[in-house]
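Biologist: Could you take a close look at one part for me, the disulfide, and then tell me what surrounds it in the rest of the model? Take your time and go through it piece by piece.

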Amino acid sequence: MSHQVKGLKEEARGRVKGRARSGSPPTGDRLGRRPSSKRAPKAQGTLGRRGAQRSQKERTGGSPSPGSPQRKQAERRRLGEELGKQEPSKAEGTCKGRRKRDERSPLKEQTAPSKKEKEIPRKEEKLKRHKKPRSSSLASSGSGGESLSEEELARILEQVEEKKKLIATMRSKPWPMVKKLTELREAQEFVEKYEGALGKGKGKRLYACKTLMAKKWVKFKRDFDNFKTQCIPWEMKIKDIESHFGSSVASYFIFLRWMYGVNLVLFGLIFGLVIIPEVLMGMPYGSIPRKTVPRAEEESAMDFSVLWDFEGYIKYSALFYGYYNNQRTIGWLRYRLPMAYFMVGVSVFGYSLMIVIRSMASNTQGSTGEGESDNFTFSFKMFTSWDYLIGNSETADNKYASITTSFKESIVDEQESNKEENIHLTRFLRVLANFLIICCLCGSGYLIYFVVKRSQQFSKMQNVSWYERNEVEIVMSLLGMFCPPLFETIAALENYHPRTGLKWQLGRIFALFLGNLYTFLLALMDDVHLKLANEETIKNITHWTLFNYYNSSGWNESVPRPPLHPADVPRGSCWETAVGIEFMRLTVSDMLVTYITILLGDFLRACFVRFMNYCWCWDLEAGFPSYAEFDISGNVLGLIFNQGMIWMGSFYAPGLVGINVLRLLTSMYFQCWAVMSSNVPHERVFKASRSNNFYMGLLLLVLFLSLLPVAYTVMSLPPSFDCGPFSGKNRMYDVLQETIENDFPTFLGKIFAFLANPGLIIPAILLMFLAIYYLNSVSKSLSQANAQLRKKIQALREVEKSHRSVKGKATARDSGDTLKSSSKNTTQLQLTKEETSPPSASQSQAMDKKAQGLGTSNSARGTMLPASGHLPISRPPGVRIDSGHPLSQTHLWRSASGKSAQRPPH
Amino acid sequence: MGSKQTVFTHEQLEAYQDNPFRQRIAQVFSNNGDGHMTLDNFLDMFSVMSEMAPRDLKAYYAFKIYDFNNDDYICAWDLEQTVTKLTRGELSAEEVSLVCEKVLDEADGDHDGRLSLEDFQNMILRAPDFLSTFHIRI
């Protein structure tokens, strides 16, 4: 009996087990099978388990004493030896000497590793071939009614187990279909033969049913996912843009879409609760003075030029504050319109605040979630970015573009992180750039201040020229036009990563625009105060007119006089409507300017460059005018400030939100078209930051800034006496008090009064501060723990990597080992599987231990792995010893394969 | 492959013309690597590319597909081929070499300058969307 042959036999048998990922010695059946059945796909797992139970029963029933592990081991070895004796003659006959080569020249296999894969099935076949004659003889002896000897029974059981494992793991073997089929049939036949009629009818049907259901479920999930994707508006458009222009440009469109959603909700709120009830149930147009165009304006009220300025009929419509009546309840529903108006105004801000903060929070959560993919950015891009499902040439084009873009993005990131730079020079340049930009900002701030002062002087003068009237606007738009490019030029000094650069640019232009916004607000406030000052006199005039009208002499006293026509009643200037109109105009003109800029600056330029290039003296496309890039910062800020206008104006012009919804809708389509048709991608396509929290932060700031003036006007200015839902009250919020007093039971009123007590509010605010402080510190410590865990994982990976490289070199030296790669593979796979489970707080300890275990030494690993339960016993120690290359791994195999290894062979 | 369809329409066949690795797929699954497939090869291909195929199996065949010169290692040349196919040659030579360098740097566990099957599997097991992209539906 030769060592080699025996070793091979053992090896081949062990290999089947090893593939099945059983980590225990073959005798510990129950223990050994558990992990394998767990790992196998579910349906098969159940099959395997059922079989296992049965075999367990058989063993306990059929053989009175199954034998101690040691004994079985010995039996097995003896059997192997017997087989080894038989082997040469049979195998050589069938294999045409192939096997011989395998045995004798293992070196060759090492050099040509592609053969290795083929070897594996060959060995399996071989194994089977040996088993067949044996099993048939066994079967005949069994059917003869003779009592089976113990060892034979054990052997059969073992083989059945092997077959079962083969069936279970068949799916994940890289064999061709035909081979799989024959193997499977063979194995099934074998198992059925020795296990009796196992699971023939019901089990099979159940299994088929289960797989069918699984398939259907997968299909359903897929369809549902597709459906969900289709339900997201403009998803395809945005993906299209993303694939050509990079994620940074797409982030603007995603922001735009989000904004559209928010505005839709606001629109629903305002239309549903204010405008529609007023239109349906309120007093009709022309019934009272505030709902009628005054006599003086009647002539031109329908002219387009007037309507375009939101005067005339539009001014006296439900789009503006002034149209609403101060009746406490309207219609048969007794709808409390003034109350609703106030509450909607409050909830517009409440909802906006809530949604902005919530989306910021969810963005932060999302951005901390991953971290694993950071280590394999390029590998994942290279090997998993192509979607094999793509079956449409247009989609494929987009995919190519998007892969290229994403590669470019990652390359920019990579180059940025590797950049060698003179730190002192960069610092100096950055300080210089900031200084220059602050100078610019101060200068423009002073200019605005100067112009506003001058315009106040002009407004007092008579007959001023067109330029003098519009000086503020002109200066503002000139600043808005020239400052951003100037900032961009200065920012080139700073040499930031484009993503960081974009943030700085956004912040700077934001500061510039803030001046814009606040001059506008100050001018508006002056206007409002002026109107308020005049209000008292107008009020007196109105009273006098009405008084004179009804009490004038020269009319028949007996017949009551017909009421004065509402158009003739003198009325106040209604500052709220004026403010609303101002915002409305601003929004519309802003929209038009944006569209015209796109049309002229992008589209016409692109057309010019494209078509004049044929007859021009230099290359227009590459040279000076070129195509425009998409201006992310300008567009984002435009959107944010526009939204600020909407928030400020929506209280005084409920229709403003409707206009804004239209604006966002058109701008979505228009800008998508403009980008795709006439813009070119940025020179350095860069990845957008994962969360667009910077946009959100700016938006939150603008929301806060726009909340201030509205809150100020509501809280401290008296409403107009003859227009709007709050007319006649001292302050707008009095409507709340009125409702509480009249519509709620008295005790509720008392409770509200109690709650409004400063003695209660101040402690509540203090409590809130404490809570914020507490939560903040908790989140800080949690994030710290998170960072630490991440560091630990990183360290673990490093250790594993270096470990593997050492092992790889060692195994490369070991030339006699044919099984190395596959067995090691399984080890590695399982290792990685263990590690890929996301770290949680509860796991941190285990992770820690593991890191230590891996870090300390090889032996630590060796002792740890058997405990984890799926170390493959793909090879007996015999081969290792024979090959004469003592390795650090040897003891690992010893300890793993249990006592059999330590005990000398008989 | 739950579809009962037995004859492929022209459009359906046309739909698979866009895969940059179509030739590799055909070569990997054909008998002797010449890209001509028998019915059995074809079935093999779809069993591997189906949604139900296990991850390890997919990873094994993905490795073979990306191993352009069939030497059982993904070397720098293979990576260059892959990048060029994926981007239709839009990246410059330096960018391509940078990408290949980075990939080797990330995924090469034993630092031998090429990716073995083991390295590849180790990497691909962590990829979040490997399973979702590496399959074909009919």
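**A close look at the disulfide**

Modeller: One record note before the cysteines: an unreviewed UniProt entry lists residues 95-130 of chain B as "domain: EF-hand". In the model, which is a predicted one, that stretch of chain B is 61% helix and 0% strand, with 24 Å between its end C-alpha atoms.

Now to the part you asked about. Searching the whole structure over all chains turns up 1 disulfide. The partners are Cys574(A) and Cys723(A), with their sulfur atoms 1.8 Å apart. The cut-off for calling a pair a disulfide is 2.5 Å between the sulfurs, so the 1.8 Å of Cys574(A) and Cys723(A) qualifies. About the S-S bond you get 95 degrees, which is a right-handed link for Cys574(A) and Cys723(A).

In chain terms, the pair ties together distant parts, 149 residues apart. Cys574(A) sits in the loop between α21 (498-551) and α22 (575-612) of chain A, while Cys723(A) sits in the loop between α25 (693-716) and α26 (734-743) of that chain. Buried or exposed, then, for Cys574(A)? Cys574(A) has a relative accessible area of 8%, so it counts as buried. Cys723(A) is buried too, at 4%. By contrast, Cys440(A) is in no disulfide: the nearest cysteine sulfur belongs to Cys483(A) and is 5.9 Å away.

On to the packing. Phe583(A), which falls within the residue range of α22 (575-612), touches Phe520(A), Leu521(A), Leu524(A), Met645(A), Met648(A), Gly649(A) and Leu656(A), leaving out residues up to four places away in sequence. Phe583(A) is also among the residues with the most contacts inside the largest nonpolar core, along with Phe253(A), Phe255(A) and Leu637(A). That core has 96 residues, and helix α12 (residues 247-281) of chain A gives the most to it, with 13. Apart from it lies another core, of 51 residues, including Ile411(A), Val83(B), Val99(B) and Ala127(B). As a rule, nonpolar side chains in soluble globular proteins tend to be buried together.

Last, a helix in chain B. Helix α4 (residues 55-66) of chain B has 12 residues and reaches 16 Å from first C-alpha to last, close to the 16 Å expected at 1.5 Å a residue. Because 10 of those 12 residues are buried, α4(B) is largely enclosed by the rest of the structure. Among the buried ones are Asp56(B), Lys58(B), Tyr60(B), Tyr61(B), Phe63(B) and Tyr66(B).

Key. Residues are numbered from 1 along each chain as its sequence is written. Chains are lettered from A and ligands numbered from 1 in the order in which they are written. This is a predicted model: local features need pLDDT of at least 70, side-chain atom pairs count only at pLDDT 80 or more; totals for chains, interfaces and linings use all residues. Side-chain values use heavy atoms; hydrogens and water are left out. A nonpolar core is a set of buried Ala, Val, Leu, Ile, Met, Phe, Trp, Tyr and Cys residues joined through side-chain atoms within 4.5 Å. Buried means under 20% relative accessible area, exposed over 50%, partly exposed in between (1.4 Å probe, protein chains only). Helices (H or I, at least four residues) and strands (E, at least two) are DSSP runs, numbered from the N terminus. Contact means heavy atoms within 4.5 Å. The expected span of a helix is 1.5 Å times one less than its number of residues. UniProt positions are given in the numbering used here, feature names are shortened, and annotations may be inferred rather than shown by experiment.
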